[in-house]
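This report concerns a protein–DNA model, with attention to its chain contact, its DNA surfaces and its empty space.

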2 protein chains.
Amino acid sequence: MPAMRPRTPPDDVLERLTAHCRESGMKVTPQRIAVYRAVAGSCAHPTPDEVFHEVRADMPSLSLATVYKTFDCLVELGLIARVANDGSTHRYDANLEPHHHLVCGSCDSITDFTDAGLSRLRLPRNLDGFAPEKVSVQVIGTCEDCQDDLR
Amino acid sequence: MPAMRPRTPPDDVLERLTAHCRESGMKVTPQRIAVYRAVAGSCAHPTPDEVFHEVRADMPSLSLATVYKTFDCLVELGLIARVANDGSTHRYDANLEPHHHLVCGSCDSITDFTDAGLSRLRLPRNLDGFAPEKVSVQVIGTCEDCQDDLR
DNA sequence: CTATCTGCAAAAACTTTGCTTACCC
DNA sequence: GGGTAAGCAAAGTTTTTGCAGATAG
């Protein structure tokens, strides 16, 4: 049975950020903390604009440019990853555990899931010289909410 | 063993376009033929801008806006699909057979491959109400060319 | 003929950059 | 203190839109 990820627990978010920043000589600023918290606390793979509005509620001085720069910085630190999607804006994910995506073709939502069976995927031996590092499965379909809407 | 897709054969490209257009009351224009040919004849999952420049060589009057509109129309007709990627531009694929992607983290190239084993993937039974339609596996890693460059 | 499509230009949406001031370490 | 980062505004990209003239069916 699959395990749906509820959301990244806010446990050691600050510690992880601090450790990674220190290691790279980068500063731990309130903006970085807030942006990282927002991504880590969401399971919706938010866009820069979404995070901007969410964080801005508590930090009115925040600028969108800072959000963009912060995302680049967090990716560089290896704390978040950009999520492949077919929309027109970037999306980010703080879940770095191996996992897969349920992509709703109707509302474009992306939901994480993990599954032991899928994690044991066997790749073909010969990939024409391509060196695989990790595997992510995208399941395209219709989410429960959108099915409901069709009734 | 995996089968690398060489490229969609240009066989019935025109017939397919004509049939789909007729069915939807859309017109078969030189621009649509040329854009569809360009995507179908590429295995590089091209961007609108790339297709624009390629087709424009033979059709100097072509405008980028038409390329965008044509892509939307071809997607609507079900002849091509937008490819999920984490760059900042759209990419399209005329290969509608079930297949998977080798994504190079270094040069961002996306290469199609198919594999009988992967095609028999077993999804978990319970996806929290999500209704799966199709599955696409993304293998992230380093392509042969980029490995060579590192030597 | 007529409804649809093209090309153009302008607007909108998204992302990056440069620079001055602020502030973490 | 010194160097990194934030905020602002401007510029750069990518995508969408509206409309007048062109064209496929």
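The sections below treat the contact between the chains, the two DNA strands, and then the pockets and the cavity.

The model is predicted: local features need pLDDT of at least 70, side-chain atom pairs count only at pLDDT 80 or more, and totals for chains, interfaces and linings use all residues. Residues are numbered from 1 along each chain as its sequence is written, chains are lettered from A and ligands numbered from 1 in the order in which they are written, and side-chain values use heavy atoms, with hydrogens and water left out.

**Contact between chains A and B**

Chain A and chain B each bring 40 residues to their contact, where contact means heavy atoms within 4.5 Å. The two chains bury about 3300 Å² between them, and 64% of this lies on carbon and sulfur atoms. Buried area here is the accessible area (1.4 Å probe) that two parts lose on being put together, summed over both. On the side of chain B, Asp86(B), Phe130(B) and Ile140(B) supply 17% of the area buried against chain A, more than any other three residues.

**DNA strand C**

A residue is near a strand if one of its heavy atoms lies within 4 Å of it. DNA strand C has 21 residues around it, of which Lys27(A), Tyr68(A), Thr29(B), Arg32(B) and Lys69(B) come nearest. Among the atoms of DNA strand C within 4 Å of the protein, 73% belong to sugar or phosphate and the rest to bases.

Helices (H or I, at least four residues) and strands (E, at least two) are DSSP runs, numbered from the N terminus. At least two residues of the surface near DNA strand C come from each of helix H4 (64-76) of chain A, helix H2 (30-40) of chain B and helix H4 (64-76) of chain B. The largest share, four residues, belongs to H4(A). By class, this surface has eight nonpolar, eight polar and five charged residues; Ala, Val, Leu, Ile, Met, Phe, Trp, Tyr, Cys and Pro count as nonpolar, Asp, Glu, Lys and Arg as charged, and the others, Gly among them, as polar.

**DNA strand D**

Around DNA strand D there are 20 residues, the closest being Lys27(A), Gln31(A), Arg32(A), Lys69(A) and Tyr68(B). Of the atoms of this strand within 4 Å of the protein, 70% belong to sugar or phosphate and the rest to bases. Helix H2 (30-40) and H4 of chain A, together with H4 of chain B, each supply at least two residues of the surface near DNA strand D. That surface divides into seven nonpolar, eight polar and five charged residues.

Polar contacts (pairs of N or O atoms within 3.5 Å) to both DNA strands are listed below.

| Protein atom | DNA atom | Distance |
|---|---|---|
| Val28(A), polar backbone atom | Strand C, phosphate oxygen | 3.0 Å |
| His90(A), polar backbone atom | Strand C, phosphate oxygen | 2.8 Å |
| Thr29(B), polar side-chain atom | Strand C, phosphate oxygen | 2.7 Å |
| Gln31(A), polar side-chain atom | Strand D, sugar or linking oxygen | 2.7 Å |
| Val28(B), backbone N or O atom | Strand D, phosphate oxygen | 3.2 Å |
| His90(B), polar backbone atom | Strand D, phosphate oxygen | 2.8 Å |

**Pockets and cavity**

On a 1 Å grid over the protein atoms alone, a cavity is a set of points where a 1.4 Å probe fits but cannot get out, and a pocket is an open set with protein on both sides within 12 Å along at least five of seven lines; lining residues have an atom within 4 Å of a point. Grid points are joined across faces, edges and corners, and a volume is the space filled by probe spheres set on the points.

The largest pocket holds about 940 Å³ of space. Its lining has 35 residues, and Asp86(A), Ile140(A), Ala81(B), Arg82(B) and Lys134(B) are the closest to its centre. E6(B) gives the largest share of this lining, four residues. The lining divides into 16 nonpolar, 11 polar and eight charged residues.

The second largest pocket holds about 820 Å³. Of its 32 lining residues, Arg82(A), Ala84(A), Lys134(A), Asp86(B) and Ile140(B) are the closest to its centre. E6(A) gives the most to this lining, with four residues, and the classes are 13 nonpolar, 12 polar and seven charged.

There is one cavity of 30 Å³ or more. The largest cavity has a volume of about 40 Å³, and residues of both chains line it, including His90(A) and Asp86(B). Its lining comprises one nonpolar, seven polar and three charged residues.

Conventions
Polar contact = N/O pair within 3.5 Å; in protein donor to acceptor, adjacent residues only side chain to side chain.
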